[in-house]
Structure formats: C-alpha cells, structure tokens
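Reader: Hello! I am new to this structure, and I would like a close look at one part: its hollow spaces. Which residues line them, and which elements do those residues come from?

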Amino acid sequence: MATKNKKLSLKDKYQYLTRDMAWEPSYQKKEDIFPYERFEGIKITDWDKWEDPFRLTMDAYWKYQAEKEKKLYAIFDAFAQNNGHQNISDARYVNALKLFLTGVSPLEYGAFQGYAKVGRHFSGAGARVACQMQSIDELRHVQTQLHAMSHYNKHFNGLHDFAHMHDRVWFLSVPKSFFDDARSAGPFEFLTAISFSFEYVLTNLLFVPFMSGAAYNGDMATVTFGFSAQSDEARHMTLGLEVIKFMLEQHEDNVPIVQHWIDKWFWRGYRLLSLVSMMMDYMLPNKVMSWKDAWEVYYEQNGGALFKDLERYGIRPPKYQDVANDGKNHISHQLWSTFYQYSHATNFHTWLPSAAEMDWLSEQYPDTFDKYYRPRFEHWQKMQDKGERFYNNTLPQLCQVCQVPTLFTEHGDPTQLSLRTLEHEGERYHFCSDGCCDIFKYEPEKYIQSWLPVHQIYQGNCEGADVETVVSKYYHINIGQDNFDYVGSPDHQRWQAIKGNRPLGGDDDSRDAA
Amino acid sequence: MSQLAFIVFQDNDNARYLVEAIAEDNPHAEVQHHPAMIRIQAEKRLVINRATVEEKIGREWDVQEMLLDVISIGGNVDEDEDHFILEWKN
Amino acid sequence: MSVKALYQYSAEPRDLQANFNGMQLVYLYWPNHLLFCSPFAFLASPEMSMGEFCEQVVRPAIAAHPQAAGLDFGQAQWQLNNQPFSPDPALSLAQNGVAHKALLTLRVPGLDGIAGGAI
C-alpha cells in the first residue's frame with residue numbers, strides 16, 4: 001500500500017512548525033525571556049524531546065476547527081428555530097444548565113487565559129504551540145457555551161448574569177478558587193493541574209456521561225456544544241499525558257514534584273466534581289448512568305490503566321484515591337441535600353426526588369441510599385407536604401481549601417462528618433478532609449488568603465448582613481424567580497403552560513405531574 | 001489488572017464507518033452504544049487504520065479527520081499518515 | 001513547606017478576628033443530625049455569655065430538627081476543637097476560651113439523631 005502523502009509527511013510538517021520556526025535568542029538571555037521556567041524546581045534538559053503525537057499544524061487546526069464550528073452553529077440555529085427548549089424531558093433539567101453556565105463556562109475562560117499565559121512562558125516551541133492551540137480552543141468553548149445557553153436564557157430564569165455570579169455566589173467560589181489556584185501556580189504546575197489531573201483524569205466525568213445525559217434529555221444544543229468541545233479534548237488529554245511523561249523523562253528530580261502535584265490536583269478536582277455528581281444523579285430527569293458507574297468507568301478503570309502505565313516512571317496513584325473511591329457511593333446525595341437546604345441562595349432550583357427517582361437511586365446505590373439518604377428525603381417530603389419546605393437559615397462552615405461546605409462524611413463512617421482543623425501561626429483553619437488539609441499544610445501562605453464567601457458575608461463585604469440582601473443585591477439572584485424549590489416556581493409554571501397542562505395551583509401532586 | 005484503551009465517538013454518520021473499521025481491525029474490541037455516543041474499548045491497544053476506514057467510507061480519508069468526531073480517548077497516542085493507535089505500554 | 005515563588009512570598013490571613021468588626025466566628029457541629037449538611041458558621045460577640053449563645057444563637061439554628069424542641073443545654077457534653085470542654089454558661093465565649101474560629105461539638109445524651117443519624 002503506497003502512502004498517500006505526496007508532499008511533506010505529518011512528522012516533517014510538525015517539525016517545521018515547532019522547531020524550525022523557533023529561534024535561539026541572540027541579544028537577550030533565555031532566562032530573561034522565560035523567567036517562570038525554573039522556579040518550580042522542574043528541570044528540563046532538552047526541549048527537543050517534547051512530542052505532540054497529534055502533530056497538528058496550524059493549517060490543519062483551522063480547517064478542522066472551522067468545520068466543527070459550522071456544524072455546531074447549524075445545530076444551534078435549528079434548535080432555536082424549532083423551539084428546541086420545548087422538547088427537553090422536563091424543565092427541571094434546565095437547572096443543570098444554570099449550574100453549568102455559572103460554574104463551568106467561566107472556567108473555560110480561565111483556561112483560555114491560563115493556556116495563553118503558559119503558552120508564552122515555555123522556552124520549548126512544541127509546548128508553546130500546543131498551549132496556544134488549547135488556549136484558542138478554550139475561548140471557543142466558552143463562546144459556544146454562551147451561545148447555546150442564550151436560547152435557554154430567553155425562556156428560563158437564573159441564566160441572566162453568569163459572570164457576575166461566578167465571582168460572587170457562595171458555591172461558585174468552589175470552581176472559581178480551583179482555577180485561580182491553578183492559574184496562580186507556575187506553568188508546570190498549571191499543566192499538571194489542568195491538562196493532566198483535570199483534563200486527562202477527571203473531565204471525562206463531566207463531558208462524556210453528562211453530555212450523553214443531555215442528549216437523553218432532549219437537549220440537542222448542549223450535547224452538541226459538549227461533544228464539539230470534547231472533540232478538542234482528545235488533543236488536550238494527549239497534551240496532559242505528554243507533559244507528564246516529558247517532565248518525568250527529563251530528570252529524576254522532577255518525579256517527587258510531579259507526584260505531589262498529582263496528589264494535590266487529583267483531590268482538588270475530585271472535590272470540584274462533587275458538583276457534577278449531583279447533576280448526574282439528581283438533575284437529569286432521564287437518567288443515563290449513575291455517578292457511581294461513571295466514576296468506576298472513567299476514574300477507577302481508566303485512571304487505573306493510566307497510573308499503571310505511569311508506574312515505570314516511579315509515579316503511584318494519587319494519595320487518598322481510596323477515600324475518593326469510597327465517596328462514589330455518597331457524594332451526589334450529600335451535595336444534593338446541601339443544595340436542597342440552601343436553595344434560597346442559589347440561581348437554580350432544587351426539588352425532592354420523586355418516588356420513582358428514589359427507587360432508581362436505591363437500585364444504583366444498594367449499600368447507601370436507603371440506609372443514609374432516603375430517610376432524609378422522606379422526612380423533607382413530609383415537611384414539604386405540610387407546607388414547611390425545609391430551608392437551612394444558617395450559614396455553613398466552609399473548607400479553607402476546596403471551599404465546599406464541610407459536608408462530606410468520614411471514609412467508612414457515613415454518619416460522621418469528616419472535619420479537620422489545625423492552627424497555623426496563631427490562626428485556626430478548618431477542612432473537609434485530610435486531602436484538603438494536606439494541601440493547606442504544603443502551602444499555607446496561599447490558602448490563608450482564601451476568599452471564603454461565608455466569612456466575607458460576616459465581615460460585611462457583601463452589601464448586606466442578611467441572606468436575602470446578599471442574595472439579591474450582591475449575587476444578583478432574583479428572589480422568587482431564580483431561587484427556592486422548583487415546584488411552583490415560574491419555570492415550573494411556564495413549563496406546565498408549554499406542555500398544555502393546567503396552570504399550577506400548588507397542589508401536592510404537581511411534583512409528579514412535572 | 002485490566003488496562004483498557006478506549007475511544008469515544010459522537011454517534012453520527014461519519015463515526016459509524018469509523019466504528020465499523022475499528023471493529024474489523026480490532027477483533028478484541030467491545031463496542032458500546034450510549035445516548036448520542038459510541039464507546040469502543042479494548043485491552044491494551046486499539047488501532048484505526050486509514051486503509052480500512054477508506055474502504056468503509058468509500059473515499060480518501062485523512063487520519064486527522066477523526067478529530068471531528070472523537071469525544072474522548074484513553075491510552076498513549078501514536079499517529080501518522082496511515083494509522084491512529086491508542087496504547088497502554090506498561 | 002511554603003509557596004515557591006520568584007520573590008519573598010508572604011501573605012496576611014484574610015479572616016483575622018480584627019476583620020469582623022468586633023465579632024468572632026464560632027462553628028458548631030451537632031453530630032448525628034445530618035438534616036443539617038455541615039457544621040454551622042455563626043457570627044457572635046466574644047462578650048456574649050455561653051448561655052446566651054446557646055439560647056439565642058444555637059437554638060433557633062437547630063429549631064427545624066424534631067430533636068431540638070426539648071433540648072436541654074444543661075445536659076450537653078461539649079467539645080472545643082475536639083477536646084472535652086465544660087463551659088460555664090454565665091461566662092462569656094472569650095472567658096470560656098471559645099476563641100475566633102473555634103469549633104464546638106454539641107452532644108446531648110438521648111438525642112442521637114433519627115434513623116441512625118441520617119436525619
């Protein structure tokens with residue numbers, strides 16, 4: 001079989017782009033041009049060993065990206081023109097999109113900035129090209145997500161001010177601080193954090209089963225932007241794996257540094273993804289896969305294969321992986337319970353799972369749901385039936401590192417909260433886990449500066465002393481429109497009208513009608 | 001321990017030919033259909049051969065065209081003009 | 001360990017007591033009552049008595065729980081930052097040693113939650 005390439009081979013083209021178009025500086029010192037390359041302690045002896053297995057050149061990059069965009073926007077147009085929002089499974093589903101828009105899309109923008117920065121700061125041209133392409137990809141992701149969501153914004157509440165909310169709303173400090181932590185690190189830690197731990201090890205859990213779930217719930221726009229973004233992800237994941245292998249192959253002194261970063265960013269990412277766990281188990285009306293199953297396939301199985309592969313470099317699986325694996329049976333229920341009780345302070349609605357949904361959860365979580373979580377939901381149902389829908393009117397303790405309320409339970413004891421505390425230079429700090437506590441101990445100066453939303457409210461920095469003022473004035477959440485229970489909300493009523501059902505009178509059976 | 005190399009495609013017209021070609025060239029692979037996506041997994045190694053895809057799709061096909069339809073991968077990547085390989089090496 | 005940086009890196013804690021306008025933070029955990037997702041974060045005056053703190057701050061916070069109604073703080077077995085603790089209800093938080101960002105754990109015999117602690 002003759003090879004079809006008549007001109008330059010892929011390898012040659014890539015070589016020209018990433019090596020021969022770079023140059024050695026003559027009148028400035030390399031250290032001055034790339035000042036961030038050494039302070040993290042990573043030793044690079046030969047940048048020419050950098051490999052990008054995709055060998056994508058700029059002409060091919062533009063060609064394929066343009067084609068993806070054309071396909072994507074044709075579908076957005078079709079979705080909008082055909083009132084696609086009326087064909088989703090149920091309006092409860094849209095609440096997952098509200099969380100996505102305020103929690104995830106701004107991270108895409110953060111990634112665009114982050115990769116633009118590190119793409120400037122590596123002296124190796126191959127790494128620079130890969131980071132610059134990824135930077136452009138990430139900008140595309142945030143733009144396409146906003147375009148997709150703008151249609152929903154015309155028909156549902158809570159989507160009106162995502163960038164403002166991302167900077168201020170209490171639970172959005174979880175994704176925001178995650179990315180700020182990565183972006184304020186050096187370039188090699190940034191790549192380990194985002195390219196490897198997040199993109200390679202963890203984001204499959206968001207973009208693969210959740211997007212498949214979007215399709216299963218009739219959301220053509222979201223599945224299309226999700227998979228279009230994810231088609232770039234194959235390259236990003238490859239960059240993540242290559243950068244790890246590159247650092248490990250360059251110098252043995254890099255191994256412990258990289259291992260520490262893997263431990264840290266696995267745990268940071270795992271905590272961040274706890275938000276996704278409840279999206280999968282509670283916010284998709286048509287269920288496609290439980291969080292537990294997704295964790296088993298995309299972390300335990302895939303992560304297992306990956307870390308076995310990396311053994312040859314002296315890398316072991318991330319610390320506290322066992323705690324995370326145990327958590328697959330619990331975190332979605334714990335997170336949903338938390339958002340349910342703080343739903344007066346969110347830009348999306350929550351609700352109690354229906355009887356059929358609870359049966360599905362029992363089936364998926366035979367060891368934990370009936371024992372630890374069903375009684376809580378049934379108790380809340382009884383309260384709700386009496387017209388006393390439960391809201392927690394206090395503020396929660398937050399973890400100093402991940403900024404999630406300290407809601408997780410002990411490994412092996414699901415009735416006790418996992419709480420850790422220590423004193424550092426006369427100040428006391430609290431954590432949700434050993435994982436977060438270890439991260440603090442390694443770089444305390446970084447995390448003593450955490451902008452914890454609860455503490456900021458109490459310091460008087462959020463335009464009000466009571467929750468209602470903070471939520472409306474500081475967060476820009478429209479009270480009675482965006483927040484509280486789904487049942488009886490304007491979204492719910494609108495959905496009933498779309499479906500031609502009777503307008504909602506607040507009857508108890510309305511939840512099942514939804 | 002099992003080490004699965006995998007690739008996930010959007011469930012669309014292009015991908016159907018790709019999946020057909022992969023299934024033919026990787027008899028040990030398992031094809032799973034999920035809403036809107038197709039996942040193919042195989043112990044240790046998966047290969048896409050340009051020649052097989054061209055035969056299925058009935059036209060010239062550039063290996064990098066797979067970038068349009070891929071959603072996720074697992075394994076070390078090795079790509080050239082004639083094939084795309086995913087492999088765990090340890 | 002400390003932050004690796006290109007310069008001498010130092011930082012001030014963001015949540016020093018001085019930033020709370022004369023008040024302090026107190027956290028309270030009521031084990032086996034997972035109706036409440038996490039420990040509470042309260043803002044309180046260091047001069048507030050422990051008794052007032054229990055009745056005016058803690059009691060309304062836990063009121064939604066069925067076991068809160070008859071709760072007698074006189075029977076409580078306390079912990080302060082995970083150590084056994086016997087506060088004097090007449091003395092202030094500060095005098096009792098409940099410092100800024102302290103974690104109090106509340107246990108009352110017989111009130112062990114509902115459904116094995118699920119609620």
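**Pockets and cavities**

Author: Let's begin with the second largest pocket, whose lining divides into 15 nonpolar, 6 polar and 8 charged residues. Here Ala, Val, Leu, Ile, Met, Phe, Trp, Tyr, Cys and Pro count as nonpolar, Asp, Glu, Lys and Arg as charged, and the others, Gly among them, as polar. This is a predicted model, in which local features need pLDDT of at least 70 and side-chain atom pairs count only at pLDDT 80 or more, while totals for chains, interfaces and linings use all residues. Residues are numbered from 1 along each chain as its sequence is written, chains are lettered from A and ligands numbered from 1 in the order in which they are written, and side-chain values use heavy atoms, with hydrogens and water left out.

On a 1 Å grid over the protein atoms alone, a cavity is a set of points where a 1.4 Å probe fits but cannot get out; a pocket is an open set with protein on both sides within 12 Å along at least five of seven lines, and lining residues have an atom within 4 Å of a point. Grid points are joined across faces, edges and corners, and a volume is the space filled by probe spheres set on them.

The second largest pocket holds about 500 Å³ of space. Of its 29 lining residues, those nearest the centre are A:Phe39, A:Ser184, A:Ala185, A:Gly186 and C:Lys4. Helix H5 (105–121), helix H9 (187–202) and helix H13 (254–283) of chain A each supply at least two lining residues; helices (H or I, at least four residues) are DSSP runs, numbered from the N terminus.

The largest pocket has a volume of about 580 Å³. It is lined by 24 residues, and closest to its centre are A:Ala22, A:Trp23, A:Ser123, A:Ala125 and A:Arg128. Two or more lining residues come from each of helix H1 (10–20), helix H2 (30–33) and helix H6 (125–153) of chain A. H6(A) provides the largest share, 6 residues. By class, this lining has 12 nonpolar, 5 polar and 7 charged residues.

Now for the enclosed spaces. There are 8 cavities of 30 Å³ or more, and the largest has a volume of about 270 Å³. Among its 22 lining residues, A:Val104, A:Leu107, A:Phe198, A:Leu206 and A:Phe207 lie nearest the centre. H4, H5, H6, helix H8 (173–183), H9, helix H10 (204–207) and H13 of chain A each give two or more residues to this lining, with H13(A) giving the most, 5 residues. Its classes are 15 nonpolar, 3 polar and 4 charged.

H4(A) is worth a pause: 10 of its 10 residues are buried (under 20% relative accessible area, 1.4 Å probe, protein chains only), so this helix is largely enclosed by the rest of the structure. One of those buried residues is A:Phe100, which is also among the residues touching the most other members of the 233-residue largest nonpolar core. H13(A) gives that core its largest share, 18 residues. Such a core joins buried Ala, Val, Leu, Ile, Met, Phe, Trp, Tyr and Cys residues through side-chain atoms within 4.5 Å.

Finally, the second largest cavity has a volume of about 80 Å³. A:Asp52, A:Leu56, A:Ala130, A:Met133, A:Gln134, A:Arg235, A:His236 and A:Leu239 line it. H6 and helix H12 (220–250) of chain A each supply at least two of these, and the lining divides into 4 nonpolar, 2 polar and 2 charged residues.

Key. Buried means under 20% relative accessible area, exposed over 50%, partly exposed in between (1.4 Å probe, protein chains only).
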